[in-house]
Amino acid sequence: MSYTYAGDAHLALFASYREDDEPFPTDASLNFPRRDHLRDDVHMFIRLVFPRCWNAGSLTEVKSELREEIVDLAGLCYAGIYPYADEDPASIVEAVFDRLPEIRRTLKKDVEAAYKGDPAARSYIEIIRSYPGLQAIVVQRIAHAFYEEGAPEYARELTEYAKMETGIDIHPGAEIGEYFFIDHGTGVVIGETTRIGDWARIYQDVTLGALHFEEEEDDEHTLKKGYKRHPDIGDSVVIGAGSKVLGAVTVGDHVSIGANSWVAEDVPDNTSVYISDHPTHERKPKR
């Protein structure tokens, strides 16, 4: 097994770094405390997307160094896909790397959404380095490209690693629009056939999942695969903490779903969904 990436993704990425301006970091000399990672491929992708925030500012200044980084990363991806593949996965790797500049442009919009959607956010650098929701969507958007190009198993490895790091479980098959923000994030689950529009904001412990599962027509009790079982979420939707949106339902545009809601049917545009009767609390003195 031998593979050397021969494409020119480094040229497009190098040009995209030149397009960065405030409030994204533009100083290539920034130096942060070291953070160790168990998967080199994930760490290298994160460095490529936001190099100035991960002690890789030289990638924005030295084109040959960026080229070397991409060649090394492409080799790791090739090795990761190869055990699953029926044929040489070189074309998959090249197709995904050709998409990296566009993925990076989308992720910059996700940073903007996080800044605008969180009153506690102080800077873009803070979001890039410390927000688990941003880390999860960086990995998912790259994994989604591998999923679409024909490497779903390797894509799943990437998102499972992101789940381990962040507590956020987004399947690589999920289709997620621009300006996406997960706040806090712990316990968020987004299923494979979920579709999410632009400017969606999701809080911790939200599930966009299946309501029930169909079985294949055999005696093996195997669950059916490859059918729509997760929700479609429209543009400018806010889903509050602890809410569950289940099944192949459609949530329209400009919908607000209050905390701890259970949604298993379609919600029209411009609607608020919330629990109308909250439980009554009782108090008694401790003995």
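Here are some short exercises on the predicted model above, each with a worked solution.

Residues are numbered from 1 along each chain as its sequence is written. In this predicted model, local features need pLDDT of at least 70, side-chain atom pairs count only at pLDDT 80 or more, totals for chains, interfaces and linings use all residues, and side-chain values use heavy atoms, with hydrogens and water left out.

**Exercise 1: the whole chain**

Task: Work out whether the radius of gyration of the protein agrees with that of a compact globule.

Solution:
- Start with the rule: the radius is taken over C-alpha atoms, and a globule is expected to have 2.2 Å times the number of residues to the power 0.38.
- For 287 residues, this gives a value near 19 Å.
- The protein has 21 Å, so the two agree.
- For the dimensions, the C-alpha trace spans about 65 × 55 × 45 Å along its principal axes.
- Finally, 48% of the 287 residues count as buried; buried means under 20% relative accessible area, exposed over 50%, and partly exposed in between (1.4 Å probe, protein chains only).

**Exercise 2: around His171**

Task: Find where His171 lies and what its side chain touches.

Solution:
- First, locate the residue: His171 sits in the loop between β1 (169-170) and β2 (175-176). Strands (E, at least two residues) and helices (H or I, at least four) are DSSP runs, numbered from the N terminus.
- Next, check its exposure: His171 has a relative accessible area of 13%, so this residue is buried.
- Then list its partners beyond four places in sequence: Gln140, Tyr147, Arg156, Ile190, Gly191 and Glu192 are in contact with His171, where contact means heavy atoms within 4.5 Å.
- Lastly, look for a polar contact: the side chains of His171 and Arg156 make one at 3.4 Å. The term stands for a pair of N or O atoms within 3.5 Å; within protein, one must be able to donate a hydrogen and the other to accept it, and residues adjacent in sequence count only if both atoms are side-chain atoms.

**Exercise 3: unusual backbone**

Task: Compare Tyr179 with Asn270: which is buried and which exposed?

Solution:
- Recall the background: most residues other than glycine have a negative phi, and most peptide bonds are trans.
- Tyr179 has a positive phi of about 55° and lies in the loop between β2 and β3 (181-182).
- Asn270 also has a positive phi, near 55°, in the loop between β13 (262-263) and β14 (272-273).
- Now the answer: Tyr179 is buried at 17%, whereas Asn270 is exposed at 62%.
- One more backbone feature: the Glu22 to Pro23 peptide bond is cis, with omega near 10°.
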